[in-house]
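Q: Please take one part of this protein and look at it closely with me, strand by strand. I am new to this, so plain words are welcome.

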Amino acid sequence: MRLENPYLAEECAVKRVKRQTPDVYTYTISYPRGSNRLRMPFRPGQFIMVSIPGIGEAPFSFSAWDDGKGIFDTTIRTVGNVTSALMKRGEGQRVWVRGPYGRGWPMEEAKGKDVLIVAGGIGMAPLRPVIELVAKNRRSYGGLEILYGARTPNDLLFADEFESWKGIPDADLLLTVDSVPKGIEWDHGVGVVTTLFDRMRTEPNDSIVMTCGPEIMMKFVVKGLLAMGFQPKDLYLSLERRMKCGIAQCGHCQIGPKFVCRDGPVFPYSELRGLPDLLV
Ligand SMILES: Cc1cc2nc3c(=O)[nH]c(=O)nc-3n(C[C@H](O)[C@H](O)[C@H](O)COP(=O)(O)OP(=O)(O)OC[C@H]3O[C@@H](n4cnc5c(N)ncnc54)[C@H](O)[C@@H]3O)c2cc1C
Ligand code: FES
């Protein structure tokens with residue numbers, strides 16, 4: 001029997017770097033020819049571990065996946081060692097990738113139901129593949145409603161895709177920002193993302209909610225939706241914790257009995273209630 005080393009990473013190439021906002025870039029990365037990963041099923045919401053030799057390793061979500069070709073996007077905010085090195089080295093650089101890991105968004109459970117997406121800032125990155133999958137399999141899902149908030153209009157990711165998202169049959173996109181800098185035209189909401197609840201049409205029955213953003217944002221999203229009658233089992237959150245191994249060995253990402261890397265990063269709220277060290 002041949003055992004595969006779970007830490008084994010593959011040398012991949014950064015094909016393209018696209019600026020989304022002043023500090024967020026989308027990296028299009030391709031696996032090498034003949035890679036096993038080309039045949040691995042990918043689920044929206046899963047993550048990979050990306051490392052740069054001599055610098056470090058960090059987890060990032062897929063923001064798109066080109067089925068069968070081994071090419072994917074990951075959309076990353078530049079915050080520290082790995083992310084700064086990625087941004088500075090740009091196109092053509094080599095990175096080491098292992099994964100995909102973790103439990104993604106509940107795309108099977110959502111079939112036949114309305115899908116409500118609530119995203120804050122960089123939290124839209126792991127939700128973009130959900131929008132693409134619903135658009136591709138339009139008849140398998142009910143209505144699609146996307147609520148998206150960011151600090152300013154300049155901090156909204158994928159802004160050049162908003163028109164096509166609005167063009168998905170039976171889909172709505174509602175936007176809001178915390179503030180609008182002088183000189184920028186803005187005819188959407190101003191306020192936190194939960195202020196959009198007044199205008200949304202998704203009802204609690206027969207719907208699945210997927211939310212990602214700062215934990216404090218998700219706390220108020222959950223609170224607001226529970227008050228409207230949504231059920232804890234229908235609210236899915238993607239959690240972020242510092243990770244080392246990504247495969248439930250080191251304990252870095254543990255919250256009580258749950259390993260965010262293995263049991264998440266996506267959890268139904270019904271599994272998170274009462275766990276320690278959580279804001280939600
Ligand atoms: C499942 C998952 C998916 C993710 N997906 C994405 C994604 O799609 N896009 C994205 O931009 N980010 C994503 N992240 C977050 C990303 O992994 C982190 O931002 C990562 O730390 C960046 O690595 P770095 O080396 O650049 O930053 P680091 O050098 O590790 O620093 C990052 C920040 O953390 C602080 N920090 C450093 N060490 C510690 C420590 N020990 N304890 C607490 N704080 C510390 C630093 O001061 C800095 O502010 C994801 C995280 C998880 C868990
Ligand atoms: S990152 Fe090591 S246990 Fe989750």
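A: Let's choose β9 and start with a neighbour: in this predicted model, seven bridges join β9 to strand β10, residues 171–177, and the two run parallel. Within that pairing, Y148 stands opposite L175 of β10. Strands count as paired when DSSP finds at least two bridges between them; the strands themselves are DSSP E runs of at least two residues, and helices are H or I runs of at least four, numbered from the N terminus.

Residues are numbered from 1 along each chain as written, with chains lettered from A and ligands numbered from 1 in written order. Local features need pLDDT of at least 70 and side-chain atom pairs 80 or more, while totals for chains, interfaces and linings use all residues.

Now look at another partner of β9. Strand β8, residues 114–120, is joined to β9 by six bridges, and these two also run parallel. You can find one contact by looking for V115, whose bridge partner in β9 is L144. Helix α2, residues 128–136, belongs to this picture too: β8, α2 and β9 make a right-handed β-α-β unit (with strands pointing away from you, the path over the helix runs clockwise).

How covered is β9 itself, which spans residues 144–150? Seven of its seven residues are buried, meaning 20 or more other C-beta atoms, placed from the backbone, lie within 10 Å of a residue's own. In a regular strand, side chains alternate between the two faces of the sheet. On one side of β9 sit L144, I146, Y148 and A150, and on the other E145, L147 and G149; both sets are buried, so both faces are covered.

For contrast, turn to β7, residues 94–101, where the pairing is antiparallel: four bridges join this strand to β1, residues 10–21. Strand β3, residues 47–52, pairs with β7 in the antiparallel sense as well, again over four bridges. One residue is a handy landmark here: W96 in β7 is the bridge partner of E11, and S51 stands opposite W96 too.

One last stop is ligand 1. Of the 23 residues around ligand 1 (C-beta atom, placed from the backbone, within 6 Å), A58, S61, G80, V82 and T83 come nearest. The elements giving two or more residues to that shell are β4 (56–61), β6 (71–77) and α1 (81–89). Strand β4 provides the largest share, five residues.

Conventions
Buried ≥ 20, exposed ≤ 12 C-beta atoms within 10 Å, placed from the backbone.
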